[in-house]
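Please look over the sequence and the model together before reading on. The paragraphs below go from one helix outward to the charged pairs, then to a few single residues and the chain as a whole.

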Amino acid sequence: GEVAGAAVAKQVKALAEKVDSMYISKQTTRMMESVEDDPELAIGTAKELVETVCKTILQERGIPFSKNPDLPELSKATFKALCLMPDDISEHTNGAETIRRMLSNLATVTQGLAELRSLYGTGHGKHGRTKSVFPRHARLAVGASSTLALFLCETHLQNQEEQDSER
C-alpha cells in the first residue's frame with residue numbers, strides 16, 4: 001500500500017505542478033486525501049479530474065464540445081486534438097504498433113473510470129445496500145486518472161511549445 005500510494009501521490013503532485021490551475025490542484029488534493037477514508041469520493045474525483053483536464057485542453061485549443069459531454073466523448077475529442085489517435089501514429093515511427101496499442105489502452109482507461117464512478121463513485125444516489133469499494137480500488141482509479149491527465153497535459157504543453165517555436 002505505502003509504495004503504491006507514494007507513487008500515485010508523486011504522479012498527482014507532478015500533474016498539479018504542470019498545470020496552472022487552482023481548480024485542478026484542489027481536485028488532486030481532494031482525490032489524494034480521500035483515498036483511505038472515502039474511496040468513493042476519490043473515484044468520483046478521479047473521473048472529474050480527467051474531465052476537467054480534457055475540457056481545459058479543448059477550451060485552450062478553441063475546440064467546441066457539447067453542453068454535457070460524457071467522459072469517453074471528451075477524451076476522444078482531446079485525443080484527436082492532441083493527435084493521439086492510433087491513426088495519427090506514422091508507420092515509420094519506431095514501435096508504431098506498440099504506441100498505437102498503448103494509446104488505445106489509455107482511451108479504454110477513460111471508459112473504465114466512467115464505469116467505475118457510475119458503480120461506486122460519488123455523484124449518483126445508490127441503493128442502501130450497495131457494497132463499497134476499498135482504498136486499493138480508489139488508488140487504481142486515482143493512479144490511472146492522474147497518469148492519463150499528466151500525459152494529456154504534457155502533450156498539450158509540448159504541442160504548444162512546438163507551435164510557438166515554429167512561429
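**How helix 5 packs, and what surrounds it**

The buried residues of helix 5 pack against three other helices, namely helix 3 (39-60), helix 4 (71-81) and helix 6 (135-166), where packing is judged by contact, meaning heavy atoms within 4.5 Å. This is a predicted model, in which local features need pLDDT of at least 70 and side-chain atom pairs count only at pLDDT 80 or more, while totals for chains, interfaces and linings use all residues. Residues are numbered from 1 along each chain as its sequence is written, and side-chain values use heavy atoms, with hydrogens and water left out.

Helices here (H or I, at least four residues) and strands (E, at least two) are DSSP runs, numbered from the N terminus. Helix 5 covers residues 96-119, and its 24 residues reach 35 Å from the first C-alpha to the last, close to the 34 Å expected at 1.5 Å a residue; the expected span is 1.5 Å times one less than the number of residues. The residues of helix 5 that are buried are A96, R100, L103, L106, T110, L113, A114 and R117, with buried meaning under 20% relative accessible area, exposed over 50%, and partly exposed in between (1.4 Å probe, protein chains only).

Some of these residues reappear in the surroundings of K47, which is found in helix 3. K47 touches L71, L113, A114 and R117, when residues up to four places away in sequence are not counted. Although its side chain is that of a lysine, K47 counts as buried, because its relative accessibility is 10%.

The charged pairs come next. Side chains of opposite charge can pair when their charged atoms come close. A search of the whole structure finds 4 salt bridges, each being a side-chain nitrogen of Lys or Arg within 4 Å of a carboxyl oxygen of Asp or Glu. One of them joins the side chains of E36 and R139, at 2.6 Å from N to O. This pair links distant parts of the chain, since E36 is in the loop between helix 2 (22-34) and helix 3 whereas R139 is in helix 6, 103 residues apart. R139 counts as buried, because its relative accessibility is 18%.

Which residues are linked with R100 in a network of salt bridges? The network consists of E91, E97 and R100. E91 forms a salt bridge with R100 in which the closest N and O atoms are 3.0 Å apart, and the side chains of E97 and R100 meet at 3.2 Å, N to O. E97 and R100 both lie in helix 5, 3 residues apart, which is about one turn of the helix. With regard to burial, E91 counts as exposed because its relative accessibility is 62%, whereas R100 is buried, with a relative accessible area of 13%.

Helix 2 offers two further residues to examine. Q27 lies in helix 2 and counts as buried, because its relative accessibility is 1%. Its side chain makes a polar contact with the side chain of T52 at 3.1 Å; a polar contact is a pair of N or O atoms within 3.5 Å, where, within protein, one must be able to donate a hydrogen and the other to accept it, and residues adjacent in sequence count only if both atoms are side-chain atoms. Leaving out residues up to four places away in sequence, Q27 touches T45, E48, L49 and T52. M32, also placed in helix 2, is partly exposed, with a relative accessible area of 26%, and M32 and A42 are 10 residues apart in sequence and 6.9 Å apart in space, C-alpha to C-alpha.

What, then, of the cysteines? A disulfide is a covalent bond between the sulfur atoms of two cysteines, and the criterion used here is a pair of cysteine sulfur atoms within 2.5 Å. The structure holds 0 disulfides, because the sulfur of C54 is 9.0 Å from the closest cysteine sulfur, in C153, too far for a bond. C54 is buried, with a relative accessible area of 0%, and C153 is buried too, with a relative accessible area of 4%.

For the chain as a whole, there are 6 helices and 0 strands. Buried residues make up 37% of the 167 residues, and residues 24 or more positions apart account for 65% of the contacts with a separation of 6 or more.
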